[in-house]
Amino acid sequence: MTKSPKTGAAGCVLVACALCTTVTSTAHADDRAPRHRVTYTVTTDRPIDVGIYYRDVDPPSWADYSHDPYRFSPRDDVVLEPGAPWIHEATLAAPDQWAMVTVTAAGPPSPAPVTVRCQLAVDGVDVDHGEGPRGALCSMRHW
């Protein structure tokens, strides 16, 4: 018994479609962006009360972020002490867009000079640092 050319071609098309479906579904499973370990570190040279905002998750879009930035940027109010850094680790898919930590001194200016510092590392590599007498910002993106 011989196959008609139409049956053979249809069989090839079905096999090709099945292969495409398999490859496509595998590709979608691997489309997730790699996650990066982001480490925020805040230090001081004198005791000081500060507010620290940091990005803990990737917002789904810029629109979502701009409508409610504090939803994606928790705040910690802490008393920083020399030798006792505030450290937080987050996991972000796009640290070049979203990794950010900012520290701001609370209350009136101190009579003694104080310097607060921030440091931002991605996957163990330092990518930004900042310092100032009342605050600092560390980010890979220019806000």
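**Two sheets and a few ring pairs**

Of the 143 residues in this chain, 29% are buried. Before I go on: what you see is a predicted model, and the values I quote are computed from it.

I'll begin with the overall layout. The chain has three helices and eight strands. Read from the N terminus, the elements go α-β-β-α-β-β-α-β-β-β-β. As for contacts, take those with a sequence separation of 6 or more: 70% of them are between residues 24 or more positions apart.

Now the sheets. One is an open sheet of four strands, ordered S3-S2-S5-S8, and its pairing is antiparallel. Which strands stand at the edges of this sheet? They are S3, residues 75-80, and S8, residues 135-139. Each has a single partner strand, so one side of each has no neighbour in the sheet. From one strand to the next, the twist averages 20°.

Within that sheet, S2 covers residues 48-54 and pairs with S3 through six bridges, in the antiparallel sense. One position to note there is Tyr 53, whose bridge partner in S3 is Arg 75. Tyr 53 will come up again with the rings.

Another strand of this sheet is S5, residues 100-105, and Thr 102 lies in it. The side chain of Thr 102 reaches the backbone oxygen of Ala 136 at a distance of 3.3 Å. What does Thr 102 touch, leaving out residues up to four places away in sequence? The list is Gly 51, Ile 52, Tyr 53, Ala 136 and Leu 137. By residue range, Tyr 53 belongs to S2, and Ala 136 falls within S8.

On to the other sheet. Four strands, again in an open arrangement, follow the order S4-S1-S6-S7 with antiparallel pairing. The edges here are S4 and S7, the latter spanning 125-132, and each of these pairs on one side only. Neighbouring strands in this sheet are turned by 15° against each other on average, direction ignored.

S1, residues 36-44, has partners on both sides in that order. With S4, residues 86-92, S1 forms an antiparallel pairing over seven bridges. With S6, residues 116-122, S1 also pairs in the antiparallel sense over seven bridges. Val 38 shows both pairings: Ala 90 stands opposite this residue in S4, and Val 122 is the bridge partner in S6. Further along S1, Val 42 stands opposite Trp 86 in S4.

One general remark on strands while we are here. Side chains in a regular strand alternate between the two faces of the sheet.

Next, the aromatic residues. How many aromatic pairs does the structure hold? There are six. Take Tyr 53 and Tyr 70: their ring centres are 5.5 Å apart and the planes are at 50°, so this pair is tilted. The pair links distant parts of the chain, with Tyr 53 in S2 and Tyr 70 in the loop between helix H2, 62-67, and S3, a separation of 17 residues. Are these two rings' residues buried or exposed? Tyr 53 is partly exposed, at a relative accessible area of 23%. Tyr 70 is exposed, at 57%.

Another pair is Trp 62 with Tyr 65. Here the ring centres are 5.2 Å apart and the planes are at 40°, so this pair is tilted as well. Both residues lie in helix H2, three residues apart, which is about one turn of the helix. Trp 62 counts as partly exposed, at 42% relative accessibility. Tyr 65 counts as buried, because its relative accessibility is 12% and the cut-off for buried is under 20%.

There is also a cluster: ring pairs link Tyr 40, Tyr 54 and Trp 86. Trp 86 is the residue opposite Val 42 from a moment ago. Tyr 40 lies within the residue range of S1, while Tyr 54 lies within that of S2.

The last item is a charge over a ring. The charged end of Arg 141 sits over the ring of Trp 98, 5.7 Å from the ring centre.

To recap: two open sheets, one ordered S3-S2-S5-S8 and the other S4-S1-S6-S7, plus six aromatic pairs and an arginine, Arg 141, over Trp 98. That is what I have.

Methods: Residues are numbered from 1 along each chain as its sequence is written. This is a predicted model: local features need pLDDT of at least 70, side-chain atom pairs count only at pLDDT 80 or more; totals for chains, interfaces and linings use all residues. Side-chain values use heavy atoms; hydrogens and water are left out. Two strands pair if DSSP finds at least two bridges between them. Axes are lines fitted to C-alpha atoms, for helices over the stretch in contact, and angles run from 0 to 180 degrees between N-to-C directions. Rings of Phe, Tyr and Trp (its six-membered ring) pair if their centres lie within 6.5 Å; planes under 30 degrees apart count as stacked, over 60 as edge-to-face and the rest as tilted. Buried means under 20% relative accessible area, exposed over 50%, partly exposed in between (1.4 Å probe, protein chains only). A charge sits over a ring if NZ of Lys or CZ of Arg is within 6 Å of the ring centre and within 35 degrees of the ring normal. A polar contact is a pair of N or O atoms within 3.5 Å; within protein, one must be able to donate a hydrogen and the other to accept it, and residues adjacent in sequence count only if both atoms are side-chain atoms. Contact means heavy atoms within 4.5 Å.
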